[in-house]
Amino acid sequence: LGPPPPAATRRQIAAAAPAAARGLIAALAARSDAAAFAARAPARREAEDYWQAVAQAEQAVKRGLGAWRRLRGRLAIRFRRPKTRQGRPALAR
């Protein structure tokens, strides 16, 4: 995995996703584009369904990775968290 190119669209990111989750991520990209350009805000239930689908796609990506790669991904996220003045990671609120 890795960060997408800075100017990549949601659909380009989905096309580069791991094969195990590519279909789920492509569907999420299409739903996200539709919501972003819709004339109305999504209903609460639509938003909840979307985030549930995001969690399913995340699990599909994780299933395709080995244990060491999953651990490396978790550590990479931890070290990108904002730091406090003492240099420690800030706690999520």
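How do the residues of the lining of the second largest pocket divide into nonpolar, polar and charged? In this predicted model, that lining divides into 6 nonpolar, 1 polar and 3 charged residues.

The second largest pocket has a volume of about 230 Å³. Its lining consists of Arg31, Ser32, Ala34, Ala35, Arg40, Pro42, Glu46, Ala47, Tyr50 and Trp51. Helix 2 and helix 3 each supply at least two of these residues.

Now the helix pair. Two packed helices are described by the angle between their axes and the distance between the axes. Helix 2 covers residues 22–36 and helix 3 covers residues 44–63. Their axes come within 9 Å and cross at roughly 155°. Angles over 145 degrees count as roughly antiparallel, so helix 2 is roughly antiparallel to helix 3. The crossing is left-handed.

Helix 2 brings Leu24, Ile25, Leu28, Arg31 and Ser32 to the contact. Helix 3 brings Glu46, Asp49, Tyr50, Ala53, Val54, Gln56, Ala57, Ala60 and Val61. Arg31, Ser32, Glu46 and Tyr50 take part in this contact and also line the second largest pocket.

The make-up of the two sites is set out here.

| Site | Nonpolar | Polar | Charged |
|---|---|---|---|
| Contact of helix 2 with helix 3 | 9 residues | 2 residues | 3 residues |
| Lining of the second largest pocket | 6 residues | 1 residue | 3 residues |

How values were computed. Residues numbered from 1 in each chain as written. Predicted model: local features only at pLDDT ≥ 70, side-chain atom pairs only at ≥ 80, totals over all residues. Heavy atoms only, no water. Axes fitted to C-alpha atoms, helices over the stretch in contact; angles between N-to-C directions. Helix = DSSP H or I, 4+ residues; strand = E, 2+ residues; numbered from the N terminus. Parallel < 35°, antiparallel > 145°, perpendicular 65-115°, else oblique. Left-handed = near helix turned anticlockwise from the far one by under 90°. Contact = heavy atoms within 4.5 Å. Nonpolar A, V, L, I, M, F, W, Y, C, P; charged D, E, K, R; others polar. 1 Å grid on protein atoms, 1.4 Å probe; cavity = no way out; pocket = protein on both sides within 12 Å on 5 of 7 lines; lining within 4 Å. Points joined across faces, edges and corners; volume = space filled by probe spheres on them.
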